[in-house]
Amino acid sequence: MKRELHLLLILIFIFSSCGKSNKNDSEKLTTEKTEVQLEIEKPNAEKLLNNANTFFFNKKIEECKKELRILLKKYPTSIEATEAKILLNKADVELDKIRIEEELIKEEQIKKKKIIIEKATKKMRKKVDKLENITWYRDITSPQYTNYNGFFLYIGDRGFDYPTLRLRIQYKDSDWLFIEKYIIYIDGLKYKTIETKYGDVERDNGAGGVWEWLDIPVNKNSEDIVNDFDVIRAIIKGKDVKLKLIGKQYSKVKTITETQKNALKNVLEVYKVLGGEIY
């Protein structure tokens, strides 16, 4: 019985030792495999140079230079480093060439745009504010001064920035209205009400007359269902467009003329040419 027990213990020890050995061998193989994988995946000088050449061929110069800089930093004494320096010089030359070409294209585009703008603004009255570096455009048929009746758009353009578009409504008469709101009627339908706050409507008088005017931005955001651009387009297309100016006690009705409609259309076209978006 003792012999059998002793034999069993020996067998358990043998199997246990084998299992541990297999486990250690397996872990060793896994570690070796990982190290080999890392060595393969690690970018070497040859691979970096090949990548750089590919990028250079495909005109991706910045990516090419990035690969070359890594190569020269990690493998400065390698054979590939010598080629890398030559290729880096070529990349710099190519990059300068690309920049010069881009500048020429940009200058050509600016010239073309200038010609288009000059053509589009021929029918515009132009006023340059050198101190503010802004050019104002309004249709040649729109009034130059505040003491005239008017309903018109005008543009402010800084050349390098997004142009601004504004609507100006001018009232001139012998009596004050003290305007509080404006209502636009298009072909018999009430289309838009412009409410005003204190200070929105400016006033002046002289030479036996009085004038009141509103100057507001035109934009796509509006609390109403239709935005400002929808209103302008509807006015241009409308057959019978009326503007009611409502004051504290009295009101006046003005007709938006065909000349005024054409002026609105002309200004919108110039606004688009200058880079403005029509919504």
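A residue is called buried here when its relative accessible area is under 20%, exposed when over 50% and partly exposed in between, with a 1.4 Å probe and protein chains only. The structure is a predicted model, in which local features need pLDDT of at least 70 and side-chain atom pairs count only at pLDDT 80 or more, while totals for chains, interfaces and linings use all residues. Residues are numbered from 1 along each chain as its sequence is written, and side-chain values use heavy atoms, with hydrogens and water left out.

Let us start with strand S3 (residues 150-157), where strands (E, at least two residues) and helices (H or I, at least four) are DSSP runs numbered from the N terminus. Eight of the eight residues of S3 are buried, so this strand is largely enclosed by the rest of the structure. In a regular strand the side chains alternate between the two faces of the sheet. For S3, both faces are covered: one side carries Gly150, Phe152, Tyr154 and Gly156, the other Phe151, Leu153, Ile155 and Asp157, and all are buried.

The neighbours of S3 come next; two strands pair if DSSP finds at least two bridges between them. Strand S2 (residues 134-139) runs antiparallel to S3 and is joined to it by four bridges, with tyrosine 137 opposite isoleucine 155. Strand S4 (residues 164-173) also pairs with S3 in the antiparallel sense, over seven bridges, and here phenylalanine 151 faces isoleucine 169. S3 and S4 form a hairpin with six residues between them, and glycine 159 in the turn has a positive phi of about 85 degrees.

A further open sheet has four strands in the order S6-S5-S9-S10, with antiparallel pairing. Its edge strands, S6 (189-195) and S10 (251-255), each pair on one side only. Within this sheet, six bridges join S5 (residues 181-186) to S9 (residues 241-246), and tyrosine 185 stands opposite lysine 242.

Turning to the helices, the axes of H2 (residues 45-57) and H3 (residues 61-74) come within 8 Å and cross at roughly 165 degrees; such axes are lines fitted to C-alpha atoms, for helices over the stretch in contact, and angles run from 0 to 180 degrees between N-to-C directions. That makes H2 roughly antiparallel to H3, a label for angles over 145 degrees. Contact means heavy atoms within 4.5 Å; the residues that meet include Leu48, Phe55 and Phe56 in H2 and Ile61, Leu68 and Leu71 in H3.

Definitions and conventions. Angles under 35 degrees count as roughly parallel, over 145 as roughly antiparallel, 65 to 115 as roughly perpendicular and the rest as oblique.
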